[in-house]
Amino acid sequence: MSSRYRVEYSLKVHRRDGFIEWIKGLLAVPFVLHAVQSGSHAIGDIKTTSDARRRYAEIFFDVEKLIEDQILMEKSGTPQLGRLQQLVPSISGFFTKLPLERAFYIEDERRSISVRRLVCPSFNDIRLILNTAQALALAQAREPLQMVTFDGDVTLYEDGKSLADDAKVIPRLIRLLSNDIIVGVVTAAGYNEKTGEKYYDRLKGLIDAIVQNKDLTVEQKQRFTVMGGESNYLFRYNDDLKNLQWIDPKEWLLDSMSKWDEKDILNTLDLAENMLNSLQRSLCLPATVIRKHRAVGLVPNQGEKLCREQLEEVVLSTQRRLEVSTCAQNIQFCAFDGGSDVWVDIASKDLGVESLQRYFGGIHPKSTLHIGDQFASVGSNDFKARLAGCTVWIANPEETVQILDDLNKYIEEEAAFR
């Protein structure tokens, strides 16, 4: 969803997540029939809570089995025959099983879902249960987690801010590196310069922490990377420079991307720029169109603010126009609402994650986790990352800290029993 708003239920079709909405509908039945009792006293209330918890858990267990069936159908090459895809046509693929029943019990303890009598299981409840299930699955997997990638704004730091020295997420990222896990920032922020200075400014707290850390080996430190402009610029930490080093695209660019015609790229950016200028005039927006090397954006003027509806109108109109253009069909692009502005980038985050997977020797999607805040189906640039690996949908940097704590805890617990 738009990074300046909480991840929550929305009536707008392009803001829905079909899978979460479907699960929400399943949970509405036991909530109505079993979670509320007339004139309940203390003992009766305990029983009501127990019944509600059991019935919610049964539903998550059933969904868990449907996911396992869908994975089998995908492996056989017939995903359309999976019962889950027939029930939720918009469902994306799964790279791991999801222990949803166990995840429900964990989140029920935290959020008192089955104790509630007037508020049914919500979009956010289900989103967090899915997140926890994904963390559990990665910890339990036979093949260890090899790479975790992150969005920047709203995921690692607040929208438009930078990663400060005292950010709570920094020790968690260092811990991932210490466990030989690749840490990548895959961000829409695109700066066409080889010094990496602007990326250092955004990630200063983390990079300084890596430089100063005495426990990390050089190899572990150099597992930190930044993929900018969705998938246009790659930087990697270099211990000799004590900073980010620009990596030549020849070392990481995907074959499909290397075949793109530069004319198609320029024509797509020209068309997007014309569309944004036209929409700025027709909607009388107090904003300016900015052209970059591999992106074009509509940014509010100093002291001005664009409302949510204006941003979404611009995103949807621009995307619809580009989708029917020949030049844009020959490449891949991403149009998204950044929360306060709108951008059209060449390429997308699935290609960014895939490029990192290739660069580090061919990491499998089931050993990859991407954490971001924008997973709505339209106008959100983390959405396509689901094609390249496992994902976790967070709403703020605090949730990123929580899921990393959970992930590290589950990994250590599983390791203790092996």
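Ala295 finds its bridge partner in strand S9, where Asp345 takes that role. This is a predicted model, and the pairing of S7 with S9 is a good place to start reading it: the two strands run antiparallel and share 4 bridges. From there the tour moves to the whole sheet, to the helix lying across it, and then to two residues with positive phi.

**The sheet**
- S7 and S9 belong to an open sheet of 4 strands, ordered S6-S7-S9-S8, with antiparallel pairing.
- At its edges sit S6 (287-291) and S8, each of which pairs on one side only.
- From one strand to the next, the twist averages 15°.

**Helix H12 across the sheet**
- H12 spans residues 308-323, which makes 16 residues.
- Its first and last C-alpha atoms are 22 Å apart, close to the 22 Å expected at 1.5 Å a residue.
- Which residues of H12 are buried? They are Arg308, Leu311, Glu312, Val314, Val315, Thr318, Gln319 and Leu322.
- Because these buried residues cover an arc of only 160° around the axis, they lie on the same side of H12.
- The helix lies across S7, S8 and S9, and runs at about 165° to S8.
- Those three strands are also part of what covers the buried residues of H12: S7 (295-300), S8 (333-337) and S9 (342-346).
- Two helices are included in that cover as well, namely H11 (262-282) and H13 (326-329).

**Two residues with positive phi**
- Most residues other than glycine have a negative phi, so the next two are worth a look as you rotate the model.
- Val154 is not a glycine, yet its phi is positive, near 75°.
- You will find Val154 in the loop that links strand S1 (147-150) to helix H6 (169-178).
- Is Val154 buried or exposed? Val154 is buried, as its relative accessible area is 4%.
- Ala347, also not a glycine, has a positive phi of about 75°.
- The loop between S9 and helix H14 (349-359) holds Ala347.
- With a relative accessible area of 0%, Ala347 is buried.

**Confidence**
- The average pLDDT of the protein is 90, and 93% of the residues score at least 70.
- Residues 1-11 are another matter: pLDDT stays under 50 there.
- The model has 42 contacts beyond four places in sequence for residues 1-11.
- Where pLDDT is low, the predicted coordinates should not be read in detail.

Technical notes: Residues are numbered from 1 along each chain as its sequence is written. This is a predicted model: local features need pLDDT of at least 70, side-chain atom pairs count only at pLDDT 80 or more; totals for chains, interfaces and linings use all residues. Side-chain values use heavy atoms; hydrogens and water are left out. The expected span of a helix is 1.5 Å times one less than its number of residues. Buried means under 20% relative accessible area, exposed over 50%, partly exposed in between (1.4 Å probe, protein chains only). The arc is that of the directions from the helix axis to the C-beta atoms. Contact means heavy atoms within 4.5 Å. Two strands pair if DSSP finds at least two bridges between them. Axes are lines fitted to C-alpha atoms, for helices over the stretch in contact, and angles run from 0 to 180 degrees between N-to-C directions. pLDDT is the predictor's confidence in each residue, from 0 to 100.
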